[in-house]
Amino acid sequence: MSVVRATAVVLLGAAGAAMVAAGPVMAAQGRKARAEIQAELREQAISFPGKGLPAGLAVHEGKPVLTGPQARAYAQVIGHNVLTATGGRTYAEVSAELFAAGGGDGKLAELRQTAFTGQMLRASLLNAYQAWQLSALVIALGALLTVTGAALLAASTTLAVAA
């Protein structure tokens, strides 16, 4: 076996073995992250209202929020509720109105606090959704790494046997 071929066999084998070892670890970490997200969402005891959701979200009526996609859907509900409460204005718009009024308008101050609280809840749920999506990517990359590593190991073995 030539030096080049022997080097290729060793490098392919080492890279393949590392990928086969790392892939399942990545996938397990992704699954662990999903479980942590679900545990946190379960602990928050968030449930969709039993009725009155917009048509696109009606499939969630009465269900608990336990997954990233459900957290995103609930964030949409909160966003809608905030806009309804503020007359279609964002936190920044209400805040600007409050400051323009000299900061002494109690009703605007209360509305700003409502908008702020709603937007923070919405942002937290969207973070859960993003973490859920990231965990899906980590799981998929772990599987891809494992398969690619196995292919490299097979190539290394084939190259060694063909020599």
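**Exercise 1. Find the contacts of Ala115 in this predicted model, leaving aside its neighbours within four places in sequence, and state whether Ala115 is buried or exposed.**

Step 1. Ala115 belongs to helix H4, which runs over residues 106-162.

Step 2. With neighbours within four places in sequence set aside, Ala115 is in contact with Val82, Thr86 and Tyr91.

Step 3. The relative accessibility of Ala115 is 0%. Buried means under 20%, so Ala115 counts as buried.

Step 4. As a distance check, take Gln38: Ala115 and Gln38 lie 77 residues apart in sequence, and their C-alpha atoms are 26 Å apart in space.

**Exercise 2. Describe the overall layout of the chain, and explain why it is more spread out than a compact globule.**

Step 1. Count the secondary structure elements: the chain has four helices and zero strands. Along the sequence this reads as α-α-α-α.

Step 2. Compare the radius of gyration with the globule rule. The chain has a value of 26 Å, whereas the rule gives 15 Å for 163 residues; the chain is well over that figure and therefore more spread out than a compact globule.

Step 3. Look at the dimensions: along its principal axes the C-alpha trace spans about 85 × 35 × 25 Å.

Step 4. Turn to burial and surface. Of the 163 residues, 25% are buried. The accessible surface of the chain is about 9,600 Å², and carbon and sulfur atoms account for 65% of that surface.

Step 5. Consider contacts with a sequence separation of 6 or more: 69% of them join residues 24 or more positions apart.

**Exercise 3. Locate the largest nonpolar core and say which elements give two or more residues to it.**

Step 1. The largest nonpolar core has 18 residues. Those with the most contacts inside this core are Leu41, Phe48, Val65, Ala71, Tyr74 and Leu125.

Step 2. Two or more residues come from each of helix H1 (3-44), helix H2 (68-85) and H4. H2 provides the largest share, seven residues.

Step 3. Use Leu41 as an example. Not counting residues up to four places away in sequence, Leu41 touches Ile46, Val65, Leu66, Thr67, Ala71, Leu125 and Ala128.

Step 4. Put this beside the general tendency: in soluble globular proteins, nonpolar side chains tend to be buried together.

**Exercise 4. Which residues make the nonpolar surface patch of about 370 Å²?**

Step 1. The patch is made by Leu134, Leu137, Leu141 and Leu144.

Step 2. To place the patch, take Leu134, which lies in helix H4.

**Exercise 5. How many salt bridges does the structure hold, and how accessible are the residues that form them?**

Step 1. The structure holds two salt bridges.

Step 2. One of them joins Glu36 and Lys32, with 3.9 Å between the closest N and O atoms. Both residues are in helix H1, and being four residues apart they are separated by about one helical turn.

Step 3. Glu36 is partly exposed at 48% relative accessibility. Lys32 is also partly exposed, with a relative accessible area of 45%.

Step 4. Another joins Arg89 and Glu97, where the closest N and O atoms are 2.7 Å apart. Arg89 has a relative accessible area of 24% and is partly exposed; Glu97, at 30%, is partly exposed as well.

**Exercise 6. For Gly16, Gln70 and Ala45, give the element or loop and state whether each is buried or exposed.**

Step 1. Gly16 is in helix H1. Its relative accessible area is 0%, so Gly16 is buried.

Step 2. Beyond residues up to four places away in sequence, Gly16 touches Gly149, Leu152 and Leu153. Gly16 and Ala128, by contrast, are 34 Å apart from C-alpha to C-alpha, with their positions 112 residues apart in sequence.

Step 3. Gln70 is in helix H2. With a relative accessible area of 15%, Gln70 is buried. Not counting residues up to four places away in sequence, Gln70 touches Phe48, His60, Pro64 and Val65.

Step 4. Ala45 sits in the loop between H1 and H2. At 62% relative accessibility, Ala45 counts as exposed. The phi angle of Ala45 is near 55 degrees, a positive value in a residue other than glycine.

Methods
Residues are numbered from 1 along each chain as its sequence is written. This is a predicted model: local features need pLDDT of at least 70, side-chain atom pairs count only at pLDDT 80 or more; totals for chains, interfaces and linings use all residues. Side-chain values use heavy atoms; hydrogens and water are left out. Patches are made of residues with over 30% relative accessible area and no salt bridge: like charges are joined within 9 Å, nonpolar side chains (Val, Leu, Ile, Met, Phe, Trp, Tyr) within 5 Å. Accessible areas come from the Shrake-Rupley method with a 1.4 Å probe; for residues, only the protein chains shown count as cover. A salt bridge is a side-chain nitrogen of Lys or Arg within 4 Å of a carboxyl oxygen of Asp or Glu. A nonpolar core is a set of buried Ala, Val, Leu, Ile, Met, Phe, Trp, Tyr and Cys residues joined through side-chain atoms within 4.5 Å. Buried means under 20% relative accessible area, exposed over 50%, partly exposed in between (1.4 Å probe, protein chains only). Contact means heavy atoms within 4.5 Å. The radius of gyration is taken over C-alpha atoms; the globule rule is 2.2 Å times the number of residues to the power 0.38.
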